[in-house]
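Me: Please take a close look at one part of this model, the largest nonpolar core, and tell me which residues and elements build it. I would also like to know how the helices that contribute to it pack.

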Amino acid sequence: MKKAIPLKKIIVIFTLVLIFLFANIYTVDAQSFTHTVQPGDTMWKIAVKYQIGLSEIIAANPQIKNPDLIYPGQKITVPNIDDIKALENEVIRLTNQQRAKYGLPALQANWELSRVARYKSQDMVNKNYFGHNSPTYGSPFRMMESFGLRFTAAGENIAMGQQTAQQVVNAWMSSPGHRSNILSTAYNQIGVGLAKDRYGRFYWTQMFIKSY
């Protein structure tokens, strides 16, 4: 079923490509660890606890035939993306640092929005494109909605090639369009997603929303 995007949503999206030399590339490859199911646990509660998507938890545990039925003592494999999250969270911190310079309130980090942004970055890697409209998910706004996010305003910044959080925030702040997203008063939440291609090149996605 198709769903129209409300006209009141603010659509401010820009692209930026700044390719840097690939020295000292970070390792952002996901590993995993084990969670022992406790009384009252559900797959969703485990996903929220570790801020990992439910579908990722389920995919990492093919031995569990019915994800709605888990029992205390069971071992659940949880993807470990702490290295990725650390870089993403640093972008969020630096973004709010820029906003503070202009007397603007900090944006609230939304881990579910970061998950969507991470999927977008990975999609650009997988499908070998760089742009706001995904061949898999459509526009950023339809993508956010398809992941269950609800909002009245939304925006997206993307970048490719920057090796550090500081580099990518500096690049965005040097571009009028990206800067306007970062300093906008239309949003109250932020998510950042990072993926790396086989050449070690980083793809960054920064998403903004105003939640209901």
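Reply: Helices and strands are taken here as DSSP runs, at least four residues long for a helix and at least two for a strand, numbered from the N terminus. On that basis the chain of this predicted model has seven helices and seven strands, which follow one another from the N terminus as β-β-α-α-β-α-β-α-α-β-α-α-β-β. Of the 212 residues in the chain, 48% are buried, and the largest nonpolar core comprises 35 residues, with Ile46, Ile57, Ile76, Val91, Val168, Trp172 and Trp204 having the most contacts inside it. Two or more residues come to this core from each of α1 (43–50), β3 (75–80), α3 (82–101), β5 (151–160), α6 (165–173), β6 (189–196) and β7 (202–211), and both domain 1 (33–78) and domain 2 (82–211) supply at least three. Another core, of 11 residues, lies apart from this one and includes Leu113, Phe151, Ala154 and Met207.

Turning to the helices, α3 and α6 pack with their axes 9 Å apart and at an angle of about 40 degrees; because angles under 35 degrees count as roughly parallel and those of 65 to 115 as roughly perpendicular, α3 is oblique to α6. Their crossing is right-handed, and the residues that meet there are Leu87, Glu90, Val91, Leu94, Thr95 and Gln98 from α3, and Ala165, Gln166, Val168, Val169, Trp172 and Met173 from α6. Val91, Val168 and Trp172, which take part in this helix contact, are also among the residues with the most contacts inside the core. Across the chain, 74% of the contacts with a separation of 6 or more join residues 24 or more positions apart.

How values were computed. Residues numbered from 1 in each chain as written. Predicted model: local features only at pLDDT ≥ 70, side-chain atom pairs only at ≥ 80, totals over all residues. Heavy atoms only, no water. Core = buried A, V, L, I, M, F, W, Y, C linked by side-chain atoms within 4.5 Å. Buried < 20%, exposed > 50% of the residue type's maximum accessible area, 1.4 Å probe, protein only. Domains from an automatic or database assignment. Axes fitted to C-alpha atoms, helices over the stretch in contact; angles between N-to-C directions. Parallel < 35°, antiparallel > 145°, perpendicular 65-115°, else oblique. Left-handed = near helix turned anticlockwise from the far one by under 90°. Contact = heavy atoms within 4.5 Å.
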